[in-house]
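Work through the exercises below with the sequence and the 3D view side by side. Try each task before reading its solution.

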Amino acid sequence: MTRVGPSLFGVIGRKAGTLPGYNFSTAMKDYGVTWSPETLNTYLAAPMQEVKGTKMTFAGVKDETERANIIAYLATLK
Ligand code: HEM
């Protein structure tokens with residue numbers, strides 16, 4: 001399967017930048033948060049501002065409801 005980023009299966013509860021076998025940026029490895037609905041909400045609002053140097057080149061999701069829906073979906077991936 002072709003992927004542009006790390007698998008997000010089980011992402012909630014995992015420390016950022018630690019999924020085995022994925023080559024994260026130093027910025028993501030150093031981010032230090034554990035992914036939760038709250039930390040995902042902060043990150044997804046503006047990934048490249050929040051994690052300077054991330055290789056996730058994505059402007060983010062400005063709409064709060066849209067972010068909440070995405071995070072609710074991610075919570076089902078376990
Ligand atoms: C709403 C859409 C997206 C969500 C919810 C999302 C979520 C995430 C999360 C939570 C991480 C950190 C994973 C971890 O620490 O285990 C991540 C990393 C990453 N994502 Fe996304 N992402 C999205 C869109 C994208 C897009 C559009 C791209 C490609 C342009 C992308 C490429 C990446 C890459 C390359 C990383 C690794 C970042 C690094 O090592 O600095 N993502 N994504």
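**Exercise 1. Two helices that meet**

Task: Find what handedness the crossing of α2 and α4 has, then describe the angle and the contact.

Solution.
- Step 1. α2 passes α4 in a right-handed crossing. This is a predicted model.
- Step 2. Locate the two helices. α2 covers residues 37-45 and α4 covers residues 64-76.
- Step 3. Take the axes. They come within 10 Å and cross at roughly 130°.
- Step 4. Name the arrangement. That angle makes α2 oblique to α4, because it falls outside the ranges for roughly parallel, roughly perpendicular and roughly antiparallel, the last of which starts over 145 degrees.
- Step 5. List the residues that meet. α2 brings Pro37, Leu40, Asn41, Leu44 and Ala45. α4 brings Arg67, Ile70, Ile71 and Leu74.
- Step 6. Sort them by class. The contact of α2 with α4 has seven nonpolar residues, one polar and one charged.

**Exercise 2. Two residues of α2**

Task: Decide whether proline 37 and threonine 42 are buried, exposed or partly exposed.

Solution.
- Step 1. Place them. Proline 37 is found in helix α2. Threonine 42 is found in α2 too.
- Step 2. Count for proline 37. There are 13 C-beta neighbours inside 10 Å, so proline 37 is partly exposed.
- Step 3. Count for threonine 42. Here 13 other C-beta atoms lie within 10 Å, so threonine 42 is partly exposed.
- Step 4. Check the cut-offs. Buried needs 20 or more, and exposed means 12 or fewer.
- Step 5. Look across the chain from proline 37. Leucine 74 is 37 residues away along the chain, and the C-alpha atoms are separated by 9.1 Å.
- Step 6. Do likewise for threonine 42. Glycine 60 is 18 residues apart in sequence and 10.0 Å apart in space, C-alpha to C-alpha.

**Exercise 3. Lysine 29 and valine 4**

Task: Find which residues lysine 29 contacts, leaving aside its neighbours within four places in sequence. Then say whether valine 4 is buried or exposed.

Solution.
- Step 1. Place lysine 29. It is found in helix α1.
- Step 2. Read its contacts. Beyond the sequence neighbours, lysine 29 touches Gly17 and Phe24.
- Step 3. Take the glycine 17 pair. Lysine 29 and glycine 17 are twelve residues apart in sequence, with 4.4 Å between their C-alpha atoms.
- Step 4. Judge exposure. Lysine 29 has 13 C-beta neighbours inside 10 Å, so it counts as partly exposed.
- Step 5. Turn to valine 4. This residue sits in the segment before α1 (26-29).
- Step 6. Count again. Valine 4 has 8 C-beta neighbours inside 10 Å, so it counts as exposed.
- Step 7. Add a distance. Valine 4 and glutamate 66 are 62 residues apart along the chain, and their C-alpha atoms are separated by 21 Å.

**Exercise 4. The whole chain**

Task: State how many helices and strands the chain has, then check its radius of gyration against that of a compact globule.

Solution.
- Step 1. Count the elements. The chain has four helices and zero strands.
- Step 2. Read along the sequence. The pattern is α-α-α-α.
- Step 3. Compare the radius of gyration. A compact globule of 78 residues would be near 12 Å, and the chain has 12 Å, so the two agree.
- Step 4. Take the spans. Along its principal axes, the C-alpha trace covers about 30 × 30 × 25 Å.
- Step 5. Check burial. Of the 78 residues, 12% count as buried.
- Step 6. Check the reach of contacts. Among those between residues at least 6 apart in sequence, 41% join residues at least 24 apart.

How values were computed:
Residues are numbered from 1 along each chain as its sequence is written. This is a predicted model: local features need pLDDT of at least 70, side-chain atom pairs count only at pLDDT 80 or more; totals for chains, interfaces and linings use all residues. Axes are lines fitted to C-alpha atoms, for helices over the stretch in contact, and angles run from 0 to 180 degrees between N-to-C directions. Angles under 35 degrees count as roughly parallel, over 145 as roughly antiparallel, 65 to 115 as roughly perpendicular and the rest as oblique. A crossing is left-handed if the near helix is turned anticlockwise from the far one by less than a right angle, and right-handed if clockwise. Two residues are in contact if their C-beta atoms, placed from the backbone, lie within 7 Å. Ala, Val, Leu, Ile, Met, Phe, Trp, Tyr, Cys and Pro count as nonpolar, Asp, Glu, Lys and Arg as charged, and the others, Gly among them, as polar. The radius of gyration is taken over C-alpha atoms; the globule rule is 2.2 Å times the number of residues to the power 0.38.
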